[in-house]
Amino acid sequence: MKKSILALVVLLIFTTSITVLAEAEEITLKIDKTEVKTNIITKDNNVYIPLKETFDKIGHYTFWDKENKYITITIDAGLREGFFIFYSPDTKTCYTPLGKFKDEDNLVIVQNGTSYMKPEFIKKTFGYSVKIKQ
């Protein structure tokens, strides 16, 4: 009897843990004047947001170049039209019209085939103001 109660308690704890881990926290970002709702992941006490999903929502285009292994982000409107960003996850190098920088702060990570970025990446590469609204 004690073994079956213990097994039931362990099963409940395990099931609850899986449910909690599966839930993603949704936040709202204000990027310049556009509000974007997105899910986040956390890694090493840092908040990351989906790169492609976020840029798509603010009207930018993203493309993964398999051959050269880099991400291209393009702005198609406004003052920064034609602005390109190239980011290489392998070398952690970002190329912008303002220059090149090494990503020593893990601004972009790749997890399960999806690129995630810290909100600071948007500010550093495009100069946009970024605010997180909980």
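Let's start with the surface. The protein exposes about 9200 Å², and carbon and sulfur atoms supply 56% of that. Keep in mind that this is a predicted model. Of the 134 residues in the protein, 33% are buried.

Now the layout. There are 3 helices and 11 strands. Reading from the N terminus, the order is α-β-β-β-α-β-β-β-β-β-β-β-α-β. On contacts: take those with a separation of 6 or more. Residues 24 or more positions apart account for 37% of them.

Next, the sheets. I'll take the one with 6 strands, which is open and antiparallel. Its order is 9-10-3-2-1-11. Strand 9 and strand 11, residues 130-133, are the edges, and each pairs on one side only. From one strand to the next, the twist averages 45 degrees.

One pairing inside that sheet. Strand 3 meets strand 10, residues 114-117, in the antiparallel sense, over 2 bridges. Look at Pro50 there: Tyr116 in strand 10 stands opposite.

What packs on this sheet? Helix 3 does, touching strand 1 (25-31), strand 3, strand 9, strand 10 and strand 11. The helix direction makes about 160 degrees with that of strand 11. Hold on to helix 3. We'll come back to it.

Now the sheet of 5 strands. This one is also described as open, with antiparallel pairing, in the order 4-5-6-7-8. The edges are strand 4, residues 60-65, and strand 8, residues 99-102. Each of those edge strands pairs on one side only. Here the twist averages 15 degrees from one strand to the next.

Walk across from the strand 4 edge. Strand 4 and strand 5 are antiparallel over 6 bridges. Thr62 has Ile73 in strand 5 as its bridge partner. The two strands form a hairpin, with 4 residues between them. Stop at Lys69 in that turn: its phi is positive, about 60 degrees.

Move on one strand. Strand 5, residues 70-75, pairs with strand 6, residues 84-88, in the antiparallel sense over 4 bridges. Two positions to find on screen. Thr74 stands opposite Phe84 in strand 6. Ile71 stands opposite Tyr87 in strand 6.

Is strand 5 mostly covered or mostly open? Mostly covered: 5 of its 6 residues are buried. A general reminder while we look at strands. In a regular strand, side chains alternate between the two faces of the sheet.

Back to helix 3, as promised. Helix 3 covers residues 119-126. Besides packing on the sheet of 6 strands, helix 3 lies across strand 4, strand 5, strand 6, strand 7 (93-96) and strand 8. Helix 3 runs at about 130 degrees to strand 6. So both sheets have contacts with this helix, where contact means heavy atoms within 4.5 Å.

Zoom in on one residue in helix 3: Thr125. Is Thr125 buried or exposed? Thr125 counts as buried because its relative accessible area is 0%, and the cut-off for buried is under 20%. What does Thr125 touch, leaving out residues up to four places away in sequence? The list is Phe83, Ile85, Cys94, Thr96 and Phe101. There is a polar contact too. A polar atom of the Thr125 side chain lies 2.7 Å from the backbone oxygen of Phe121.

Last topic: backbone angles. Most residues other than glycine have a negative phi. Two asparagines go the other way.

Take Asn45. Its phi is positive, about 65 degrees, although Asn45 is not a glycine. Where is Asn45? In the loop between strand 2 (34-43) and strand 3 (46-50). Asn45 counts as exposed because its relative accessibility is 81%, and exposed means over 50%.

Then Asn106. Here phi is about 50 degrees, again positive in a residue that is not a glycine. Asn106 sits in the loop between strand 8 and strand 9, residues 108-111. Relative accessibility is 33%, so Asn106 counts as partly exposed.

To wrap up, three places to look. See the hairpin of strand 4 and strand 5, with Lys69 in the turn. See Thr125, buried in its helix. And see Asn45, in the loop between strand 2 and strand 3.

Conventions
Residues numbered from 1 in each chain as written. Predicted model: local features only at pLDDT ≥ 70, side-chain atom pairs only at ≥ 80, totals over all residues. Heavy atoms only, no water. Pairing = 2+ DSSP bridges. Axes fitted to C-alpha atoms, helices over the stretch in contact; angles between N-to-C directions. Buried < 20%, exposed > 50% of the residue type's maximum accessible area, 1.4 Å probe, protein only. Areas by Shrake-Rupley, 256 points an atom, 1.4 Å probe, with all protein chains shown as cover. Polar contact = N/O pair within 3.5 Å; in protein donor to acceptor, adjacent residues only side chain to side chain.
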